[in-house]
Amino acid sequence: MRILIVEDNRKLAEGLKTLLSGSGYAVDWVADGDSALSAARALGYDLIVLDLSLPEMDGLQVLREMRGDRIAVPVLILTARDGLEDRIKGLDLGADDYLTKPFEWGELDARIRALIRRSAAVRTSLIEAGALTFDLKSGHVTADGAVLEIPARETGVLRALLLANGRTLSKGQLIESLSSFDEDISENAVEQYVSRLRKRLTRYGVSIKSARGLGYYLQTPDAKEAP
């Protein structure tokens, strides 16, 4: 299970990351809205813990854009804003839960577990594209019942493009999907992964298209061209 913390208070974020990691979650942290959107668009999170008072882009705007992009990951708003109007706005924009600071760790942990259980109950782990089936839980890619042997990096690219649901991902977003935030992967490496994966997928009716100057998106025979 992978969680994204969106919080500009470093001390609080590091504390949350330590506690959540201790509970067995893989945890990423960003401190601003733009980085949050980039990570949410590129990576397959099981939950996002979102502060509202962020620099430059307010957390409510982050939530609005995520839902506008059809990013359905559960969002738990964790904020010092305790006014009724903010609660209503957050829930109306698509937040799944709202908890105010200060908070008790036990309650936050319980709410996170509840949201993840609820999401898992309604979400399939299988994504179909052309003749391919991608299992998000195992990471296996199958065609005609047989598991395809695809290197891990290329599998990561495929996962990110599938989760993007037809949206164009930049090279930077693909780099984020392949690595932890402190790992260095070059854009040239991403180009190589995409090139190799493109050759593997053609026979199965799946194409990786290039949007000039923007990045890549996945296309299947019944899909429309990305704008």
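This report describes selected helices, buried residues, a pocket and backbone features of a predicted model.

## Helix H8 and its surroundings

Helix H8 comprises 15 residues, numbered 187-201. At 1.5 Å a residue, a helix of this length should span 21 Å, and the C-alpha atoms at its ends are indeed 21 Å apart, so the expected and computed values agree. The buried residues of H8 are Ala189, Val190, Tyr193, Val194, Leu197 and Leu201. They cover an arc of only 135° around the axis, which places them on the same side of H8. An α-helix has 3.6 residues a turn, so residues three or four places apart point the same way.

On the other side of H8, Asn188 and Lys199 are exposed. The cover over the buried residues of H8 includes both helices and strands. The helices are H6 (152-163) and H7 (171-178), and the strands are E7 (132-135), E10 (207-211) and E11 (215-219).

## Leu132 in strand E7

Strand E7, part of the cover over the buried residues of H8, contains Leu132. Is this residue buried or exposed? Its relative accessible area is 4%, under the 20% limit, and Leu132 is therefore buried.

When residues up to four places away in sequence are not counted, Leu132 touches Ile127, Val141, Thr142, Ala143, Leu148, Leu201, Tyr204 and Val206. One of these partners, Leu201, is among the buried residues of H8. Leu132 and Pro74 are 58 residues apart in sequence, and their C-alpha atoms are 26 Å apart in space.

## The second largest pocket

Helices H6 and H7, which help to cover H8, also contribute to a pocket: each supplies at least two residues of the lining of the second largest pocket. This pocket holds about 220 Å³ of space. Its lining consists of 13 residues, and those nearest the centre are Arg2, Gly156, Arg159, Ser177 and Leu178.

Which helix provides the largest share of the lining? It is H6, with 7 residues. By character, the lining of the second largest pocket divides into 6 nonpolar, 4 polar and 3 charged residues.

## Helices H2 and H3

Helix H3 spans residues 59-68, and its buried residues are Gly59, Leu60, Val62, Leu63 and Met66. They cover an arc of only 155° around the axis, which puts them on the same side of H3. These buried residues pack against helix H2, strand E3 (47-50), strand E4 (75-79) and helix H4 (84-92).

Helix H2 covers residues 33-42 and includes Ala36. With a relative accessibility of 2%, Ala36 counts as buried. Apart from neighbours within four places in sequence, Ala36 is in contact with Leu4, Val6, Val30 and Val62. Val62 is itself one of the buried residues of H3. Ala36 and Glu107 are 71 residues apart along the chain, and 24 Å separates their C-alpha atoms.

## Tyr98 in strand E5

Strand E5 (97-100) contains Tyr98. At 5% relative accessibility, Tyr98 counts as buried. Leaving aside neighbours within four places in sequence, the contacts of Tyr98 are Leu52, Ile77, Thr79, Arg81, Asp86, Arg87 and Arg111.

Asp51 lies 47 residues from Tyr98 along the chain, and the C-alpha atoms of the two residues are separated by 10.0 Å.

## Backbone features in loops

Most residues other than glycine have a negative phi, and most peptide bonds are trans. Several places in this model depart from these tendencies. The peptide bond from Lys101 to Pro102 is cis, with omega near -5°. Pro102 is located in the loop between strand E5 and helix H5 (105-122).

Glu56 is not a glycine, yet its phi is positive, near 70°. This residue belongs to the loop between E3 and H3. The relative accessible area of Glu56 is 82%, which means that the residue is exposed. Arg70 likewise has a positive phi, of about 65°, although it is not a glycine. Arg70 lies in the loop between H3 and E4, and at 57% relative accessibility Arg70 also counts as exposed.

Note on methods. Residues are numbered from 1 along each chain as its sequence is written. This is a predicted model: local features need pLDDT of at least 70, side-chain atom pairs count only at pLDDT 80 or more; totals for chains, interfaces and linings use all residues. Side-chain values use heavy atoms; hydrogens and water are left out. Helices (H or I, at least four residues) and strands (E, at least two) are DSSP runs, numbered from the N terminus. The expected span of a helix is 1.5 Å times one less than its number of residues. Buried means under 20% relative accessible area, exposed over 50%, partly exposed in between (1.4 Å probe, protein chains only). The arc is that of the directions from the helix axis to the C-beta atoms. Contact means heavy atoms within 4.5 Å. On a 1 Å grid over the protein atoms alone, a cavity is a set of points where a 1.4 Å probe fits but cannot get out, and a pocket is an open set with protein on both sides within 12 Å along at least five of seven lines; lining residues have an atom within 4 Å of a point. Grid points are joined across faces, edges and corners, and a volume is the space filled by probe spheres set on the points. Ala, Val, Leu, Ile, Met, Phe, Trp, Tyr, Cys and Pro count as nonpolar, Asp, Glu, Lys and Arg as charged, and the others, Gly among them, as polar.
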